[in-house]
Amino acid sequence: MQTITTKFIKPTNSTGARIKATSSSGISMTRAYEYRMSTEENHEEVAMALAERLEWDYDFAVGDTPTGFVFVPVDHSRLLSIKHRIDSKKHNATLNVWNT
């Protein structure tokens, strides 16, 4: 499953500030920074525009990085399965300690 990362691009003498979103496969999109929106909203806006362009219909988990944000598609059924596996391992580890 691919992710989308975003980064802030500083303004230059010829262009204003921008946000660039890039998928793991290298497809990217850049939009002007909208000062009426928060930093998070600017990054979300371009990331979701790229996801729409790529025809991704997912919910996303979001985290910050040193240069911007990362948007990770969430597979809810798999997420629940992983949580169940982790909980089972914790439970079994506890049982093993007491059974030795």
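Leu54 touches Ser23 and Ile27 once neighbours within four places in sequence are left aside, where contact means heavy atoms within 4.5 Å. The model is predicted, so local features need pLDDT of at least 70 and side-chain atom pairs count only at pLDDT 80 or more, whereas totals for chains, interfaces and linings use all residues. Residues are numbered from 1 along each chain as its sequence is written, and side-chain values use heavy atoms, with hydrogens and water left out.

**Exercise A: the chain as a whole**

Task: State how many helices and strands the chain has, and give their pattern along the sequence.

Solution: Begin with the count, which is two helices and five strands. Helices (H or I, at least four residues) and strands (E, at least two) are DSSP runs, numbered from the N terminus. Next, read along the sequence; the pattern is β-β-β-α-β-β-α. Then turn to burial: the chain has 100 residues, and 23% of them count as buried. Buried means under 20% relative accessible area, exposed over 50%, and partly exposed in between (1.4 Å probe, protein chains only). The accessible surface of the chain is about 7,300 Å², and carbon and sulfur atoms hold 52% of that area. Such areas come from the Shrake-Rupley method with a 1.4 Å probe; for residues, only the protein chains shown count as cover. Finally, take the contacts between residues at least 6 apart in sequence: 39% of them join residues at least 24 apart.

**Exercise B: the loop after helix H1**

Task: Find where Leu54 is placed, and decide whether Trp56 is buried or exposed.

Solution: Leu54 is found in the loop between H1 and S4. Its C-alpha atom is 9.1 Å from that of Ser23, although the two residues are 31 apart along the chain. Now move to Glu55, which is in the loop between H1 and S4 as well. Glu55 is exposed, because its relative accessibility is 72%. Check its backbone too: Glu55 is not a glycine, yet its phi is positive, about 60°. Most residues other than glycine have a negative phi. Last comes Trp56, in the loop between H1 and strand S4 (59-64). Trp56 is buried, because its relative accessible area is 18%. Residues up to four places away in sequence not counted, Trp56 touches Gln2, Thr3, Ile4, Ser23 and Ala51. Of these partners, Gln2 is 54 residues from Trp56 along the chain, with 10.0 Å between their C-alpha atoms.

**Exercise C: two strand residues**

Task: Name the strands that hold Phe8 and Thr30, and list what each residue touches.

Solution: Phe8 belongs to strand S1 (residues 4-9). With a relative accessible area of 39%, Phe8 is partly exposed. Beyond four places in sequence, Phe8 touches Ala17, Arg18, Ile19, Tyr33, His43 and Thr67. The C-alpha atoms of Phe8 and His43 are 8.2 Å apart, while 35 residues separate the pair along the chain. Next, Thr30 belongs to strand S3 (residues 28-32). Thr30 is partly exposed, because its relative accessible area is 40%. Beyond four places in sequence, Thr30 touches Arg18, Ile19 and Lys20. From Thr30 to Ile9 the C-alpha distance is 9.3 Å, and the two are 21 residues apart in sequence.

**Exercise D: charges**

Task: Which residues make up the patch of negative charge on the surface, and how many salt bridges are found in the whole structure?

Solution: The patch consists of Glu40, Glu41, Glu44, Glu45 and Asp64. Patches are made of residues with over 30% relative accessible area and no salt bridge, like charges being joined within 9 Å and nonpolar side chains (Val, Leu, Ile, Met, Phe, Trp, Tyr) within 5 Å. Helix H1 (residues 39-53) gives the patch its largest share, four residues. Glu44 is in helix H1; at 38% relative accessibility, Glu44 is partly exposed.

Now search for pairs of opposite charge. Side chains of opposite charge can pair when their charged atoms come close. The whole structure has one salt bridge, that is, a side-chain nitrogen of Lys or Arg within 4 Å of a carboxyl oxygen of Asp or Glu. Glu34 and Arg36 form a salt bridge, and their closest N and O atoms are 3.7 Å apart. To finish, compare the cover of the partners: Glu34 is partly exposed at 33% relative accessible area, whereas Arg36 is exposed at 70% relative accessibility.

Terms used
Lys, Arg positive; Asp, Glu negative; His and termini not counted. Charge placed at Lys NZ, Arg CZ, Asp CG, Glu CD.
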